Every structure is written in C-alpha cells, then in structure tokens.
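Q: Hey, could you walk me through a protein model? I'd like to start with pockets.
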Amino acid sequence: MACLVALAILHASPVLGAQQPLTRAEAIQTALGKSVLVTAISADTLAASARLRSAREYPNPSLSLSYSKDAPQNHFSVDIPLDLPGIRSARVRAAEAGRTSARFGFLAARAAIELNVDTMYTTAQGAELRAALSRSTAVDAAKLLSDTRARRDAGDASDLDVNLAEVSAAQAANTANADSIEAVDTRLELQAAMGLRGDTIVFSLHDSLAAPTSRVAPTALNPASTPTVAAASAAVSAAQQTLIFERRSVFGVPSIQLGADAKDPSGAEKGLLPTIGVALPMPLFNRNSGAVEAAHAEVARAQAGLEIARLDASTQLARAHRTRTVAESRIVLDRTILDAATRNVSMAERAFAAGEMAIGDILETRRAQHDAQAQYVTDLVSANVAAALVRVLTANGVTQ
C-alpha cells in the first residue's frame, strides 16, 4: 500500500491542461523577447545612440541683453561657441565608441540568455528522462513485489524474498518521486527564465534529447570571437576615446561675441555701434584633471576586464571541448553497457519466473540497468550543454 501511495505522488505535480509543445529554438526566442535583461540592455543601446546624436550637435549660441546709464545705454551681444575640429572629432569618436560598446554588450547579454535557456532546456530534458526511467523502474519493482507475494503464498518464495522486494519497491518509489519533483522544478525554472509563469507547467518539451551532431573544430575555438571578449574589447576602445576627449577639453570651448550698442541720450552717437570680440577660457584653476584621471582609471578597468574576459572565454571553450569529447566517448560506452544490462534483466526475469534465480539477483540486475540508464542520460546532458556553450560562444562574436 505504501508503494502505491508513493507512486500516486508522481502525478501530483502542478500541470496545466492542454500544454503547448515547445521546441528549444522557440524557448530561446521567447526568452529573448521577454527577458528584462534584454530590455535593459536595449535601453542602454538606445541611450548610447542618443549620446552620439548629442555629440554630433553643435552648441547653441547665447544672447545677452543689458542696460547702463552711461551712453550708449542699450547693449546686446550674441555669443557663438567655437566647436573646434579637434575637440568635436574627439567627442564624436568617443560617443561612437560608446555606442559600439553598448551594441556588443547587447550581443553579449543576448548570448548569455540564449546559453542559459539552452542549458536549462537540456537540463529539463534530462530530468524528464530520468523521471520517466524512475517511474518505469518503480512500476516494475511494484509488480515484482506483487509477484513475489503471490509466489510466497504459493509456497515458492520466502518471507525474506518478500522483504527484499518490499525494500526495493519502496526505494524505487522514493527515487521516482524525487526525480519527478526535480523534473517539475527544472521545467518551472525554464519557464521563469523565459519570462513565463513559474508556478504551473504550461508547456511540454517537444525536442528529444540525443547526442549532439554539430561540431566545431578546436582550431576554430578563438576566444577573441566570443561575445564577452568582443564587448570587453569595445569597452576598452570606448574608454580610450573618452580619455582622448577629456584631454582635449582642458582648455574649454572658446567663443566669438558679436553685438551692438545703441541709444545715446546726448545724440552724439546715432544708430547702432557694432562690437566684436573673442572669449578664451583660461585654465587657471581647473585643467579638467579630475575628468582626465577618471578616464585613465576607466581605461585601466576596461583593460583589466578585457584580460579577464579573454581568460574566462579561453577556459570555458577549452573546458567545454574537453567535456563534450569525454561525454561523447562515454555515450558510446553507455549504450553498450545499457544494451548488456537490458539483456541481463530480460534473462534474469525469465530465470526468476522459472524459479532458477533468487530475488536478490534479479534486483541487482535491475539496479544495474537503472544505473546504466541514469548514466546514459547524464552523459547526454553533459555533451549537449558543452556543445551549446561552444555553439553560442562561437556564433555570437564580433561578426554578428
């Protein structure tokens, strides 16, 4: 009875009816369309484009009006800032580099989301397969317990055989329950990463879990082409251009003043008296040193970030390549072991039915089959996760 109650728990997961099948590609596209991170990075890109537009605009002139008792009494002038070519070009290049950095940051964020959803989809597939295998094992264990009890009642089995079958059935039911809960949790986590509700399962996994087929040559695993390295490199360029602009802004912005004086009460001067002048900023108290030092620090930080990104990308690619290579070789061996374990279970069941094998032996063969199945699924998940990492990091680089 305890086993039957435990098996009933397997179906108590929060599942919504009429689930829509969801492919891996659809899951990734849904996440990219609904992710808050994508929205935030998109806003950063738009802001960088706006800053570039502002950098390209010319400064506005200013109008000054004044009155004095001395003749002439009315004064007005127009102050026209001189946007010097050296300062203007440095300002525009810094803004352009900032926009480029924001764009590569956007690509890096999209790649991170894609990799996360791809990995979670694979993890959910593996959890679902393990749950299905555990349920099958639990059902077989419950049937074996029922058969053993029938044989004991017929005088063909002992109480020890029944106890062994009961322990095995209870353990299988507990394992099946744990795997079922894990399958539900991984599916809900995937939905949350996609921007969907995370309290009820609303879709089913459409794609099947198989060994990865696409392969990238080790010589093509270039860390410089990864999204994070490209974004870090663009950040260095932006910081360097900002430093150049701050250095050129030490002397400020000069301007030309054009104006006129009018209204002489004595009548000695009639009409407008034109005036012209030049305003030159004098860097006596402020040579923009604070902004220059801050730009220096930003360059140093960006260069350190680039080195970290390169090391991290190189490590990730090398580890992913090794993991996939080892997992694929294990998958081949797992299939051989699983085929042998399945044949052993079949032969053991026939021998047990004929009274030629003890209950402990058939339990051991079934345990070996379950372990082989679980290891096969684990290696499939490992190979696909590593393949996704390589695929994403090599497909979203500087060329995108």
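Q: Cool, which residues lie nearest the centre of the largest pocket?
A: Those are Thr137, Ala172, Arg366, Arg367 and His370, among the 19 residues that line the pocket. A pocket here is an open set of points on a 1 Å grid where a 1.4 Å probe fits, with protein on both sides within 12 Å along at least five of seven lines, and lining residues have an atom within 4 Å of a point. This is a predicted model, where local features need pLDDT of at least 70 and side-chain atom pairs 80 or more, while totals for chains, interfaces and linings use all residues. Residues are numbered from 1 along each chain, and side-chain values use heavy atoms, without hydrogens or water.

Q: Which elements give two or more residues to that lining?
A: Four helices do: H4 (85–153), H5 (159–193), H7 (289–353) and H8 (359–395). Helices are DSSP runs of at least four residues, and strands of at least two.

Q: And which one gives the largest share?
A: That's H8, with seven residues of the lining.

Q: What's the lining like by class?
A: The pocket's lining has nine polar, five nonpolar and five charged residues. Gly counts as polar, and Asp, Glu, Lys and Arg as charged.

Q: New topic: what order do the strands take in the open sheet?
A: Its four strands run E2-E3-E5-E6, with antiparallel pairing. Two strands pair if DSSP finds at least two bridges between them.

Q: Which strands stand at the edges?
A: E2 (62–67) and E6 (273–279) do, and each has a single partner strand, so one side of each lacks a neighbour in the sheet.

Q: How many bridges join E3 and E5?
A: Eight, linking residues 74–81 of E3 with 255–262 of E5 in the antiparallel sense.

Q: What stands opposite Phe76?
A: Phe76 faces Ala260 in E5.
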